[in-house]
Amino acid sequence: MKFPNDFLFGAASAAYQVEGAWDKDGKGLSNWDVFSKIPGKTFEGTNGDVAVDHYNRYKEDIKLMAEIGLESYRFSISWARILPNGKGKVNEKGIEFYSNLIDECLKYGIVPFVTLYHWDIPQALEEEGGWLNKEVVDHFVNYATICFKAFGDRVKHWITFNEVLCFAGSGYLQGAHPPGIYNDEKKYFQATHNVSVAHARTLLKYKELKQYGEIGISHVFSPAVSVDDLEENKLAAYHANQFDHAWYFHPAIKGEYPEYVMNILEENKWMPEITEEERTQIKEASKHLDFIGFNYYQPQRVLKNKEKVEKRQKTREECIGSPGNISFDGFFKSVKLDDKKYTKYGWEISPEGFLDGLRKFKEEYGDVKIYITENGLGDQDLIVEDEILDISRVKFIEAHLKSIKQAIKESINLKGYYVWSATDLLSWLNGYKKQYGLIYVDHKNNLDRKIKLSGRWYKQTIEERGENL
């Protein structure tokens, strides 16, 4: 079996992680420009001031992506580059940069797939309350509308938000991401609700403009699975899926929040302020959702937690995504199992868990169009005689593409796959030591680029439409 011709093979990035040029050409400060400079927040004080200098080297990067044979490039727009204060006067230099980037993709036949928000809110809006302030929803819709009107003639694939669970959870429960608030469940659920409203209103605005493209949202896809058949552990897995998946998927797809979660929020006085108008907007937008994006790296193996929960800010080391964490409400714990395979950063490698999760998603939500908007291996790449031999990444991507192939055979509506990431990039809290790219970036030698073994392998896979996987 070959992958269908309308299936997009791509790779992805995010503005803060690649662009650099943090204060150039009229760009305003983002929350990450400020937060990453607080001592101790990131590995060795690394930040995105330069990142991998994609802002100045995008032509070189797109040319390398074309050499790999990428059919699509998923990238994000920095809100603060378009509107330095998040509102007010548009920065024309920002519009010009993204317009040029889009044109460069199209020059090589690479489909631009654009994310409007990948964690970087303008600092001026953060200081006004960020995602806790309902006024930010208006500002986001305004920003999105500017992007639709500037780029919508050439961009036909839009993502409103990337991984709300991550930026809200790390920002309001763990304190590891901006705004650095921790253990505040009320704020977490208010922020996530406000984002759901912003997504809904942005989607409806896009449809109103009749640009004849598609728009969706990307969420973490990390299915929770019980470690055994004990009822309490099966309940722990259900609880995890309700809070980590259903809280996000239900409003986007079904137009309402999951009853299980809502009941618990009510009991604990964590319920966000939700207006009837907002409920109507979420409901209406769900009818017009074009696709859902999944960022899949690993499943969660969980059991019922019986340990006392320590209420404190999490350290950077505790927020690297590996198992061993207790949920914010103390209900479940993720664990590492002896019979599973893990990366050197402790993330489980489970293409089987991916396929099983896709099957369960279809059972719950029906025939929703899905793009795998992120999937990849964070590693420290092996270099032998100037060649980057990232064999483990090749094996990782190959195994997950096999699962996707099987899912398509089972009529799961998968339409694209994006390797995280196109180039090596800044790994938010972990600096540059953790590499994800198909293209190597040499931080010891002028940020020189070179296609890795995985990039060459991916090129062949794309040419063969995955027939020989």
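Mentor: A residue is called buried when its relative accessible area is under 20%, exposed when it is over 50%, and partly exposed in between (1.4 Å probe, protein chains only). The model before us is predicted, so local features need pLDDT of at least 70 and side-chain atom pairs pLDDT 80 or more, while totals for chains, interfaces and linings use all residues. Residues are numbered from 1 along each chain as its sequence is written, and side-chain values use heavy atoms, with hydrogens and water left out.

Trainee: Thanks! Why is arginine 301 called buried?

Mentor: Its relative accessibility is 12%. That value is under the cut-off for buried, so arginine 301 counts as buried.

Trainee: Where does arginine 301 lie?

Mentor: Arginine 301 is part of strand E8, residues 300-304. Helices (H or I, at least four residues) and strands (E, at least two) are DSSP runs numbered from the N terminus.

Trainee: What makes the pairing of arginine 301 and glutamate 348 a polar contact?

Mentor: The term asks for a pair of N or O atoms within 3.5 Å; within protein, one must be able to donate a hydrogen and the other to accept it, and residues adjacent in sequence count only if both atoms are side-chain atoms. The side chains of arginine 301 and glutamate 348 are joined at 2.8 Å, so the distance fits. Contact in the wider sense means heavy atoms within 4.5 Å. Leaving out residues up to four places away in sequence, arginine 301 touches several residues, including Val225, Val227, Lys333 and Ser350.

Trainee: How do you know that serine 13 is buried?

Mentor: Serine 13 has 2% relative accessibility, so the same test gives buried. This serine sits in the loop between strand E1 (8-12) and helix H1 (15-18).

Trainee: Which side chain does the side chain of serine 13 meet in a polar contact?

Mentor: That partner is tyrosine 73, at 2.7 Å. Beyond its neighbours within four places in sequence, serine 13 is in contact with Val18, Tyr73, Arg74, Phe75, Ser76, His118, Trp420 and Leu425.

Trainee: Trp420 is on that list. What kind of peptide bond joins tryptophan 420 and serine 421?

Mentor: That bond is cis, with omega about 15 degrees. Serine 421 is found in the loop between strand E13 (414-420) and strand E14 (439-442). Another cis bond runs from proline 178 to proline 179, where omega is near 5 degrees. Proline 179 lies in the loop between H8 and H9.

Trainee: Let's look at those helices. How are helix H8 and helix H9 placed?

Mentor: Helix H8 (residues 164-172) and helix H9 (residues 185-209) cross at roughly 150 degrees, and their axes come within 9 Å. Axes are lines fitted to C-alpha atoms, for helices over the stretch in contact, and angles run from 0 to 180 degrees between N-to-C directions.

Trainee: Why is H8 called roughly antiparallel to H9?

Mentor: Angles over 145 degrees count as roughly antiparallel, under 35 as roughly parallel, 65 to 115 as roughly perpendicular and the rest as oblique. The crossing angle passes the antiparallel cut-off, so H8 is roughly antiparallel to H9. Val164, Leu165, Phe167, Ala168, Gly169 and Tyr172 of H8 meet Lys187, Tyr188, Ala191, Thr192 and Val195 of H9.

Trainee: And what is the angle between helix H10 and helix H13?

Mentor: Helix H10 (residues 231-254) packs against helix H13 (residues 351-365) at about 45 degrees, with axes 12 Å apart. That angle falls in none of the named ranges, so H10 is oblique to H13. On the H10 side, Ala246, Phe249, His250, Ile253 and Lys254 make the contact, while H13 brings Phe361, Glu364 and Tyr365.

Trainee: What makes histidine 400 buried?

Mentor: Its relative accessible area is 0%, so histidine 400 meets the test for buried. Histidine 400 belongs to helix H14 (residues 391-409). Phenylalanine 354 is 46 residues away along the chain, and the two C-alpha atoms are separated by 7.7 Å.

Trainee: One more: what is notable about phi of glutamate 163?

Mentor: Phi there is near 50 degrees, a positive value in a residue other than glycine. Glutamate 163 lies in the loop between strand E4 (157-162) and H8, and with a relative accessible area of 7% this glutamate is buried. Arginine 465 also has a positive phi, near 55 degrees, and its place is in the segment after helix H15 (453-463). At 10% relative accessibility, arginine 465 counts as buried too.
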